[in-house]
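Work through the exercises below with the sequence and the model open. Try each task before you read its solution.

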Amino acid sequence: MFGYGLVGQACLAAVCELGMRPVAVYTHVQGGDLWHTNLEAMGARAGAPVILDADFGDPEAVAFLEKLKPDILLSFYYKNVLPSTVLDIAPLGGLNLHGSPLPAYRGRVPVNWMVLKGEAMGGATLHQMRALPDSGAVLGTRPFPIGPTDSSFDLLCNVRNAGAGLVRGALPAYVAG
C-alpha cells in the first residue's frame, strides 16, 4: 500500500477492516500538520514494514517490492507517480484513489482546483493505475456537495470519507474478479 495523509490513513483503515493485510506500507516523512500526517504508526500496527520516501528509480527499491510479492498495489494519496516497473509487479495490478470525480481535475491537488473553480459538486474516484496518471478504468465514484464556504481542507475530509467507502465497497469485488 502506498499512501499519505488523512486519505491514506482512512483508506488503510478500510483495507484492514476488510481483513486484508498489507505486505508493506510506503509513505513519506511526516509534514507535521493535519494535511500531511503519515502512515508510519498505522503501518506498524498492521504488522507491515514501513518504507519512507522510496526511490523507485533505484533498482534495489523495485527488487525489494518484488520480493514482497504483493497481490495488488493500492495508492491512497501517495505523493509520487509509480513507474511501470512498480505497476507491473502485482498480478492484480494497482488501484488509486483520486480526489475528484474523474475525468475532471486529473493530476495534482484536485480538491484545491475544485474550490478555486467554484464547483458545486466534488467526489472521489477509485480507478485502475496505468503509466499515465489518473487514466485507468474507473471502478467507482462517490460524489459529494461542495458548499459555498467549504475550504480545501473540508473537501479533503469529504474525499477521505468517500474514499474509505469506495475501498470498502469496490476492493473486495475487484479482488474477487
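**Exercise 1. Contacts and overall build**

What share of the contacts in the chain with a separation of 6 or more comes from residues 24 or more positions apart?

Solution. First, fix the ground rules. This is a predicted model, in which local features need pLDDT of at least 70 and side-chain atom pairs count only at pLDDT 80 or more, while totals for chains, interfaces and linings use all residues. Residues are numbered from 1 along each chain as its sequence is written, and side-chain values use heavy atoms, without hydrogens and water.

Step 1. A contact means heavy atoms within 4.5 Å.
Step 2. Residues 24 or more positions apart account for 65% of the contacts with a separation of 6 or more.
Step 3. Place this on the fold. The chain has six helices and seven strands. Both are DSSP runs, numbered from the N terminus: helices are H or I with at least four residues, strands are E with at least two. From the N terminus, the order is β-α-β-α-β-α-β-α-β-α-β-β-α.
Step 4. Check compactness. The radius of gyration is 15 Å, close to the 16 Å of the globule rule for 177 residues, so the chain is as compact as a globular protein of that length. The radius is taken over C-alpha atoms, and the rule is 2.2 Å times the number of residues to the power 0.38.
Step 5. Add the box. Along the principal axes, the C-alpha atoms fill roughly 50 × 35 × 30 Å.

**Exercise 2. Burial and surface**

State what percentage of the 177 residues is buried, and how much area the chain exposes.

Solution. Step 1. Buried means under 20% relative accessible area, exposed over 50%, and partly exposed in between (1.4 Å probe, protein chains only).
Step 2. Buried residues make up 47% of the 177 residues.
Step 3. The chain exposes about 8400 Å², and carbon and sulfur atoms supply 56% of that area.

**Exercise 3. Aromatic rings**

Find the ring pairs of Tyr26 with Phe2 and with Phe56, and describe their geometry.

Solution. Step 1. Rings of Phe, Tyr and Trp (its six-membered ring) pair if their centres lie within 6.5 Å; planes under 30 degrees apart count as stacked, over 60 as edge-to-face and the rest as tilted.
Step 2. This rule gives four aromatic pairs.
Step 3. Phe2 and Tyr26 are stacked, at 4.8 Å centre to centre and 20° between the planes. Phe2 sits in strand β1 (residues 2–3) and Tyr26 in strand β2 (residues 25–27), so the pair ties together parts 24 residues apart in sequence. Phe2 and Tyr26 are both buried.
Step 4. Tyr26 and Phe56 are tilted, at 5.4 Å and 45°. Phe56 is in the loop between β3 and α3, 30 residues from Tyr26. Phe56 is buried too, as is Tyr26.
Step 5. Ring pairs link Phe2, Tyr26, Phe56 and Tyr78 into a cluster.

**Exercise 4. Backbone exceptions**

Locate the cis peptide bond at Pro103 and the positive phi values of Asp53 and Lys69.

Solution. Step 1. Recall the background: most residues other than glycine have a negative phi, and most peptide bonds are trans.
Step 2. The bond from Leu102 to Pro103 is cis, with omega near 15°. Pro103 lies in the loop between β5 (94–98) and α5 (110–116).
Step 3. Asp53 has a phi near 50°. Its loop runs between β3 (50–52) and α3 (59–68). Asp53 counts as partly exposed because its relative accessibility is 41%.
Step 4. Lys69 has a positive phi of about 50°. Lys69 lies in the loop between α3 and β4 (73–76). At 67% relative accessibility, Lys69 counts as exposed.

Terms used: Accessible areas come from the Shrake-Rupley method with a 1.4 Å probe; for residues, only the protein chains shown count as cover.
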